[in-house]
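Here's a quick walk through a model, for anyone who likes to start with how the strands are laid out. Have a look at the picture before reading on.

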Amino acid sequence: MTAGITYLVDYLGSTQITAPNRIITEQDRQVQAQLAVSRVRQPNLEQPKIEVQLFISTNKLKVVDVEDDIITTPDKDTIFCHPLHQISYIADIGDLLVTIAKRPSQEPFEYDSSTTFHDYQESKHQKLNCHIFQSRKQSSQSISKCIGQAFNFAYKKFLESRGLDPENM
């Protein structure tokens, strides 16, 4: 088991969003996070939620039932587990934490030489899994900061493993 940190949070649910496969702005990602929250959150009703453990490491983001042992539960037996490099955005909206993870594409690469690569990319869409959590003890901002720090550390180690100086990037 990789070292990491575990937070106790309420899992409100997940939704899938389809988005263009292009460079996305911060504002675009915020809109996607808000859309995910609006799909999952139950206005004027009691919000169904499950108390879970959110495990964050430099390798993955893993969600396990509160009754399960985070250390011995295999990734395949979790509620979900995403390699950290698939997390494309994290948003803290009040006491809510939204994680957006890229789904690996199942589509074959069918590039047509009559179009530019840019046009090809613009025509493709990616599927994103959006997970909504409500913080219990810590603020959603501190949890999102932890995920960001894990990503930064993993990226630094990735560059160093390839002989690149992270300070020059």
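What follows covers the sheet, the helices on it and one loop residue.

Keep in mind throughout that this is a predicted model.

**The sheet**

Let's begin with the big picture. Seven strands make up an open sheet, in the order S4-S3-S2-S1-S7-S6-S5, and the pairing is antiparallel. S4 and S5 sit at the edges with a single partner strand each, so one side of each has no neighbour in the sheet. On average, neighbouring strands here are turned by 30 degrees against each other, direction ignored.

Three of the pairings can be set side by side:

| Strand pair | Sense | Bridges |
|---|---|---|
| S1 (residues 4-20) and S7 | antiparallel | eleven bridges |
| S6 and S7 (residues 125-135) | antiparallel | seven bridges |
| S5 (residues 87-93) and S6 | antiparallel | six bridges |

If you want to trace the register on screen, a few residues help. Between S1 and S7, Gln16 has Asn129 as its bridge partner. Moving on to S6, Leu96 is bridged to Gln134 in S7. On the S5 side, Ala91 stands opposite Val98 in S6.

S5 and S6 form a hairpin with two residues between the strands, and Gly94 has a positive phi near 65 degrees there. How many of the seven residues of S6 are buried? Six are, so this strand, residues 96-102, is mostly covered, with buried meaning under 20% relative accessible area.

**Helices on the sheet**

Now for what lies against those strands. Helix H1 (residues 26-40) lies across S1, S5, S6 and S7, and runs at about 105 degrees to S1. Helix H3 (residues 140-161) also packs on the sheet, where it touches S1, S2 (50-57), S3, S5, S6 and S7. The direction of H3 makes about 160 degrees with that of S5.

**A loop residue: Asp69**

Over to the other part of the sheet, and the loop between strand S3 (60-65) and strand S4 (80-83), where Asp69 is found. Is Asp69 buried, partly exposed or exposed? Its relative accessibility is 40%, so Asp69 counts as partly exposed. The Asp69 side chain makes a polar contact with the side chain of Thr72, at 3.3 Å. Asp69 and Gln53 are 16 residues apart in sequence, and their C-alpha atoms are 9.4 Å apart in space.

Key
Residues numbered from 1 in each chain as written. Predicted model: local features only at pLDDT ≥ 70, side-chain atom pairs only at ≥ 80, totals over all residues. Heavy atoms only, no water. Helix = DSSP H or I, 4+ residues; strand = E, 2+ residues; numbered from the N terminus. Buried < 20%, exposed > 50% of the residue type's maximum accessible area, 1.4 Å probe, protein only. Polar contact = N/O pair within 3.5 Å; in protein donor to acceptor, adjacent residues only side chain to side chain. Pairing = 2+ DSSP bridges. Axes fitted to C-alpha atoms, helices over the stretch in contact; angles between N-to-C directions. Contact = heavy atoms within 4.5 Å.
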